[in-house]
Amino acid sequence: MTDRPQPSALLPSSIRPPFAAYAHGTHVPAGAEWVLTSGQLGIAADGTIPADVRAQAELCLAACEAILAAAGFTRADTVRINAFVTDRAHMAGYMAARDAWCAGLPRLPASTLVIVSGFTRPEFLVEVEVTAARLTSA
């Protein structure tokens, strides 16, 4: 463990608290290394695509976590999540998956959810990308 500053959640008391389990912003001090994932779709390694948005979101987040692990990062290093769903009706399923993925994190990441008209294939309901940062050793 280092005595250097770590990323911190930004939750100013002068604005409305977040609607769910996320921070309004994340501050990453100088000297960080970063991992940015591409948007991950809800498709399993065997090519199957669940019909349920929560199951797709869980696959998206698992793929993001695997990408982070490839760089030696963990989900706890996540500073931002961007997600896209194809219908307002899919928000609850996505948010349940995101909240479960973030449960127990020492600091919640910033998070944005956008409703889009669609993805490359109509069976895709959600896409998720994460940005992670951690301080390098002093």
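Two strands count as paired if DSSP finds at least two bridges between them. Keep that in mind as you move through this predicted model.

**Stop 1: strand β7**

Select residues 126-135, which form β7. Now add Leu41: its bridge partner in β7 is Glu127. That contact belongs to the pairing of β4 with β7, which is antiparallel and has 2 bridges.

Next, bring in β3, residues 32-36. β3 and β7 run antiparallel and are joined by 5 bridges; to see one position in this pairing, pick Trp34, which stands opposite Ala133.

Then show β5, residues 78-85. This strand pairs with β7 over 7 bridges, again in the antiparallel sense, and Thr78 has Ala132 as its bridge partner there.

With these neighbours on screen, colour β7 by accessibility. Is β7 largely enclosed or open? Of its 10 residues, 8 are buried, so the rest of the structure largely encloses this strand.

**Stop 2: from β5 to β6**

Stay with β5 and select residues 110-115, strand β6. Here the two strands run parallel, with 6 bridges between them. Ile81 is a good residue to click, as it stands opposite Ser111 in β6. Follow the chain from β5 and you pass through helix α2, residues 91-102, before reaching β6; this β-α-β crossover is right-handed.

**Stop 3: the nonpolar core**

In soluble globular proteins, nonpolar side chains tend to be buried together. The largest nonpolar core here has 21 residues, and those touching the most other members are Leu68, Ile81, Tyr94, Trp101, Val126, Val128 and Val130. Display them as sticks. Two or more core residues come from each of α1 (53-70), β5, α2 and β7, and α1 supplies the largest share, with 6 residues.

Zoom in on Leu68, which sits in helix α1. Because its relative accessibility is 0%, Leu68 counts as buried; the cut-off is under 20%. For a distance label, try Leu68 to Ala32: their C-alpha atoms are 15 Å apart, with the two positions 36 residues apart in sequence numbering.

**Stop 4: a loop glycine**

For a contrast, go to Gly39, in the loop between β3 and β4. Its relative accessibility of 26% is why Gly39 counts as partly exposed. The C-alpha atoms of Gly39 and Gln56 lie 13 Å apart.

**Stop 5: the largest pocket**

Finish at the largest pocket, whose volume is about 160 Å³. Select Gln6, Pro7, Ala76, Asp77 and Arg107, the closest to its centre among the 10 lining residues. What makes up this lining? There are 5 nonpolar, 2 polar and 3 charged residues.

Definitions and conventions
Residues are numbered from 1 along each chain as its sequence is written. This is a predicted model: local features need pLDDT of at least 70, side-chain atom pairs count only at pLDDT 80 or more; totals for chains, interfaces and linings use all residues. Side-chain values use heavy atoms; hydrogens and water are left out. Helices (H or I, at least four residues) and strands (E, at least two) are DSSP runs, numbered from the N terminus. A crossover is right-handed if, with the strands pointing away from the viewer, the path from the first strand over the helix to the second runs clockwise. On a 1 Å grid over the protein atoms alone, a cavity is a set of points where a 1.4 Å probe fits but cannot get out, and a pocket is an open set with protein on both sides within 12 Å along at least five of seven lines; lining residues have an atom within 4 Å of a point. Grid points are joined across faces, edges and corners, and a volume is the space filled by probe spheres set on the points. Ala, Val, Leu, Ile, Met, Phe, Trp, Tyr, Cys and Pro count as nonpolar, Asp, Glu, Lys and Arg as charged, and the others, Gly among them, as polar. A nonpolar core is a set of buried Ala, Val, Leu, Ile, Met, Phe, Trp, Tyr and Cys residues joined through side-chain atoms within 4.5 Å. Buried means under 20% relative accessible area, exposed over 50%, partly exposed in between (1.4 Å probe, protein chains only).
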